[in-house]
Amino acid sequence: MERFDRIWVNVQLATMVPGAPDRGEIRDGALAVRDGRIAWLGPRAQLPGEAVEIHDGAGGWILPGLIDCHTHLVFAGERCGEFEERLEGVPYAEIARRGGGIRRTVDGTRAASEEELHRLARARLHRLVDEGVTTVEIKSGYGLDIETELRMLRVARALGRDRDVSVATSFLGAHAFPAELDRAAYVDLVCGPMLDLVAEEGLADAVDAFCETIAFSPEETERVFQAAKAKGLPVKLHADQISDSGGAALAARYGALSCDHVEYTSEAGVRAMAAAGTVAVLLPGAFYLLRERQRPPVELLRRFAVPMAVATDANPGSSPLLSPLLAMNLACVLFGLTPYEALLGMTAHAARALGLAADRGTLEVGKRADFCLWRISRPAELCYWMGFGSGLLAERVVAGRPSAPAGPALA
Ligand code: NIG
Ligand code: FE
């Protein structure tokens, strides 16, 4: 008879293993953990061992902890004025050209101390955690100078130590051009001293860039990717959000973990992603808030079997969205994903977009025991409610340990 640390019984399981029969659903299941890992799962009647600690799931559903694989959680200030301007008719790209947009948040973020950035980001992180997020990706990109880019990444790393949520970081120095440098000088800075220091301090798990008419050209993006490669860091890309710049194909050539946004990605881009095993990260919050019309090519992504992830893109400009459940709802309603696809997009495929698929994102023996117990009658219910959020979450388990409720534990 095997000994486990903890066992959950009276539960339904949705393993979220892509391609599993019955969508990986196991009724009247049990799940056992040992040493922070999933040690056994299956039908309760076949449970091969015991534990001192038995959790009764009251018939709820256990799914892998949610993974928000694209956020910009660390920043100071808001850009509500631009939201108003856009609704008064000024386009997003026009606001950026006038020196608003990302640069406005850069001003606020440069002026903020590490402590302040930490406090602000932690409050936002609470909201994600309250809705079942156990791993979150956080980007830099609102510093655009050495000191502030490093400060943002240090804050992101500290958030990962703070409590029971894992943080993956991406260095996004190539997010916009700062006012004080010309383009070539800034690309040199990003690819040289900035990336050197980021790598030296071990502050980034990946390198990201914004390849767009209003941001970095394909040539500039390629320089950033070459520099990342030289440091042994994987790349990802904000690609084809408002025009087809060939970003997806470029990223695929560098074996990118993910291409994000991809609204304007062509069939050639989708084929390149499929060949490279690159994940398409869909960001319906930005599409919604910017009132975009061009949807990502979901049919093509399906046809070429490109895994689709879904993320909040939480940021002060294009997606002030702090609800992973609403992100899944938007992906279903606006992009036509099925609830099952959206759920894969915030579990298995999100893990893959972070290069973490071997360790998390599904319920499988040996994986990190990060999972949530939900008070729902079927998994699709997580994509159905709008604004119920944490009311659906019964228990959150991180590395095999039931996690304290967010608010008070963090005070
Ligand atoms: O993912 N596209 C570029 N970056 C962000 C927007 C950042 C901002 O507007 O502050 C995005 O949508
Ligand atoms: Fe983004």
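Q: How many residues surround ligand 1, and which are the closest?
A: 15 residues surround ligand 1, and the closest are Arg79, Tyr92, Tyr142, His175 and Ser318. A residue is near a molecule if one of its heavy atoms lies within 4 Å of it. This is a predicted model, where local features need pLDDT of at least 70 and side-chain atom pairs count only at pLDDT 80 or more. Residues are numbered from 1 along each chain as its sequence is written.

Q: What makes the pair of Gln241 and ligand 1 a polar contact?
A: A polar contact is a pair of N or O atoms within 3.5 Å; within protein, one must be able to donate a hydrogen and the other to accept it, and residues adjacent in sequence count only if both atoms are side-chain atoms. An N or O atom in the Gln241 side chain lies 2.9 Å from a nitrogen atom of ligand 1. The distance is within the 3.5 Å limit, so the pair counts.

Q: Which residue has a polar side-chain atom 3.1 Å from an oxygen atom of ligand 1?
A: That residue is His238.

Q: Why is the pair of Glu53 and Arg6 called a salt bridge?
A: A salt bridge is a side-chain nitrogen of Lys or Arg within 4 Å of a carboxyl oxygen of Asp or Glu. The closest N and O atoms of Glu53 and Arg6 are 2.9 Å apart, so the pair qualifies. Glu53 lies in strand β4 and Arg6 in strand β1, so the pair ties together parts 47 residues apart in sequence. Strands are DSSP runs (E, at least two residues).

Note on methods:
Chains are lettered from A and ligands numbered from 1 in the order in which they are written. Side-chain values use heavy atoms; hydrogens and water are left out. Helices (H or I, at least four residues) and strands (E, at least two) are DSSP runs, numbered from the N terminus.
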